[in-house]
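I opened my notebook today to look up how charged side chains pair, and where nonpolar ones gather. Here is what I went through, entry by entry.

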Amino acid sequence: FTLSASFVDIDLPILLPLVHCQLAISFLDKFMLHLATPFAVVAAVKLALFVAKARGAKTPLIKRQLEAQRAIADKCIFFMLLLLYPGLSRRIFQVFRCAEFDVAHSAEHQDVYRKHDFKFSLLAHDYGTPCYEDKWNSYAAYAGVGVIFFSIGMPLALFYELWRKRKALHNKAHPQHRATLRRLGFLYESYGELGLMLCVWCVVCACCSSPLYFSQFPNSPPH
């Protein structure tokens, strides 16, 4: 069940064993691969859009088709990023979860370390990686960027887009209604005006709080 859920999250490192990949990838390397996935998605969609733009003459019909393709490209990007959001945000916050060990308080080492304070921290998801050292610090910096621009930034960006286009969402007479429907219709088409804003606010709150819950309670049933 966990493996199938990772497929929905587009968690590429989890899917490697399905193609008989024998590479031993550490947790931090999986994190970097996962973190690069949104950039790969955006680059692939933008490349396809660039090829579409370069295909021929700029006639009025072609221009209308390009506008529709641009809106569909944005829709694909938003949809794929929403699929990536739960798994990637969870992994980003897991980078900051370290397990504290105190050998001096261990029963089997109590006599040896009775007069010494021997404490250390290891990454909870990879005990081969010490925390608060140079390697962990560099990955933690990337994770911090991911928290700001992805875990927090993406829900806020969606909220901003919906709020900015709020007059064109349900008003069919609005000149930007068709383009907005193509870009963001999958987010709001099934909701009324009041229900939409309430739903978006709930999504923003859930998106910003669930990664923290998963990172702090790794053995919980949802995890």
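**Entry 1: D74 and K46.** I started with a salt bridge between the side chains of D74 and K46, with N to O at 4.0 Å. This is a predicted model, so I treat each value as computed from it. Where do the two partners sit? I found D74 in helix α4 (residues 60-94) and K46 in helix α3 (residues 27-53), 28 residues apart, so the pair links distant parts of the chain.

I then checked whether each partner is buried or exposed. D74 has a relative accessible area of 16%, and because the cut-off for buried is under 20%, it counts as buried. K46, at 40%, is partly exposed.

**Entry 2: D74 again, now with R183.** Which residue forms a salt bridge with D74 at 3.0 Å? I looked it up: it is R183, and that distance is between the closest N and O atoms. R183 lies in helix α7 (residues 177-188) while D74 is in helix α4, so this pair ties together parts 109 residues apart in sequence. I noted R183 as buried, at 16% relative accessibility.

**Entry 3: E161 and R164.** My next salt bridge joins E161 and R164, whose closest N and O atoms are 3.1 Å apart. Both are in helix α5 (residues 134-164). Because they are three residues apart there, about one helical turn separates them. Is E161 buried or exposed? I read 12% relative accessibility for E161, so it counts as buried. R164 is partly exposed, at 41%.

**Entry 4: Putting the pairs together.** I followed the shared partners and found one network of salt bridges that joins K46, D74, E161, R164 and R183. How many salt bridges does the count come to? I wrote down four.

**Entry 5: The nonpolar side.** I turned from charges to the largest nonpolar core, and noted that it has 33 residues. Which residues have the most contacts inside it? My list reads F31, I92, V95, W136 and F150. I also checked which helices contribute: α3, α4, α5 and α7 each supply at least two residues of this core. I kept a general reminder in the margin: in soluble globular proteins, nonpolar side chains tend to be buried together.

**Entry 6: A look at W136.** I picked W136 from that list and asked what it touches. Leaving out residues up to four places away in sequence, W136 touches V95, F96, C98, L123, P130 and C131. V95 was on my core list too, alongside W136.

Notes: Residues are numbered from 1 along each chain as its sequence is written. This is a predicted model: local features need pLDDT of at least 70, side-chain atom pairs count only at pLDDT 80 or more; totals for chains, interfaces and linings use all residues. Side-chain values use heavy atoms; hydrogens and water are left out. Helices (H or I, at least four residues) and strands (E, at least two) are DSSP runs, numbered from the N terminus. Buried means under 20% relative accessible area, exposed over 50%, partly exposed in between (1.4 Å probe, protein chains only). A nonpolar core is a set of buried Ala, Val, Leu, Ile, Met, Phe, Trp, Tyr and Cys residues joined through side-chain atoms within 4.5 Å. Contact means heavy atoms within 4.5 Å.
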